[in-house]
Amino acid sequence: MSIETEKKTPPAYRIYAVTKNGDKKAVWQEIGAAWKHKDEKGFGLQFKALPLPGAEVVLREPKAKKATTA
């Protein structure tokens, strides 16, 4: 079951674990989502995985869905 189906509103942010392998490009792995509290003073976090030790945890706004043309 996806996170979106468990919550009634879409998440405000996606949670990513970012790891770097030497000089190689950083690897971004989505590990969860965050919803704003009703009082807008905090966030509820839901993880579907935990970051690896040493990984940077990053919150990013979800990308807007592209409109499809018929």
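Colleague: What makes the two salt bridges in this structure count as salt bridges?

Modeller: Keep in mind that this is a predicted model. Start with Arg 14 and Glu 30, whose side chains come to 3.6 Å, N to O. The cut-off is a Lys or Arg nitrogen within 4 Å of an Asp or Glu carboxyl oxygen, so Arg 14 and Glu 30 form a salt bridge. Glu 30 also pairs with Lys 48, with the closest N and O atoms 3.8 Å apart. That value is again within 4 Å, so this pair counts too.

Colleague: Which parts of the chain do these pairs tie together?

Modeller: Arg 14 sits in strand β1 and Glu 30 in strand β2, so their bridge joins parts 16 residues apart in sequence. Lys 48 is in the loop between β3 and β4, so its bridge with Glu 30 in strand β2 ties together parts 18 residues apart. Put together, Arg 14, Glu 30 and Lys 48 make a network of salt bridges.

Colleague: Are those three buried or exposed, and how do you know?

Modeller: Each one gets its own label. Arg 14 has 17% relative accessibility, and buried means under 20%, so Arg 14 is buried. Glu 30, at 26%, falls between the 20% and 50% limits, so Glu 30 is partly exposed. Lys 48 has 55%, which is over 50%, so Lys 48 is exposed.

Colleague: Okay, on to the rings. How many aromatic pairs are there?

Modeller: The search of the whole structure turns up two. In one of them, the ring centres of Tyr 13 and Phe 43 are 5.5 Å apart and the planes are at 70 degrees.

Colleague: Why is the pair of Tyr 13 and Phe 43 called edge-to-face?

Modeller: Centres within 6.5 Å make a pair, and planes over 60 degrees apart make it edge-to-face. With 5.5 Å and 70 degrees, Tyr 13 and Phe 43 pass both tests, so the label fits. This pair links distant parts of the chain, as Tyr 13 is in strand β1 and Phe 43 in strand β3, 30 residues apart.

Colleague: And what makes Tyr 16 and Trp 28 a pair of that kind?

Modeller: Their centres are 5.6 Å apart and their planes are at 65 degrees, so Tyr 16 and Trp 28 are edge-to-face. Tyr 16 belongs to strand β1 and Trp 28 to strand β2, so this pair ties together parts 12 residues apart in sequence. Trp 28 has 44% relative accessibility, between 20% and 50%, so Trp 28 is partly exposed.

Colleague: Which residues form the nonpolar patch on the surface?

Modeller: Phe 43, Leu 45, Phe 47, Leu 50 and Leu 59, with about 510 Å² of accessible area together. Strand β3 gives the most, with three residues.

Colleague: How do you know that Phe 43 and Phe 47 can be part of a patch?

Modeller: A patch residue needs over 30% relative accessible area. Phe 43 has 38% and Phe 47 has 39%, so each clears that bar. Phe 47 is found in strand β3.

Colleague: What about Glu 40 and Lys 63: why are they called exposed?

Modeller: The bar is over 50%. Glu 40 has 65% and Lys 63 has 79%, so the word suits each of them. Glu 40 lies in the loop between β2 and β3, and its phi is near 60 degrees, a positive value in a residue other than glycine. Lys 63 comes in the segment after β4.

Conventions. Residues are numbered from 1 along each chain as its sequence is written. This is a predicted model: local features need pLDDT of at least 70, side-chain atom pairs count only at pLDDT 80 or more; totals for chains, interfaces and linings use all residues. Side-chain values use heavy atoms; hydrogens and water are left out. Patches are made of residues with over 30% relative accessible area and no salt bridge: like charges are joined within 9 Å, nonpolar side chains (Val, Leu, Ile, Met, Phe, Trp, Tyr) within 5 Å. Accessible areas come from the Shrake-Rupley method with a 1.4 Å probe; for residues, only the protein chains shown count as cover. Helices (H or I, at least four residues) and strands (E, at least two) are DSSP runs, numbered from the N terminus. Buried means under 20% relative accessible area, exposed over 50%, partly exposed in between (1.4 Å probe, protein chains only). Rings of Phe, Tyr and Trp (its six-membered ring) pair if their centres lie within 6.5 Å; planes under 30 degrees apart count as stacked, over 60 as edge-to-face and the rest as tilted.
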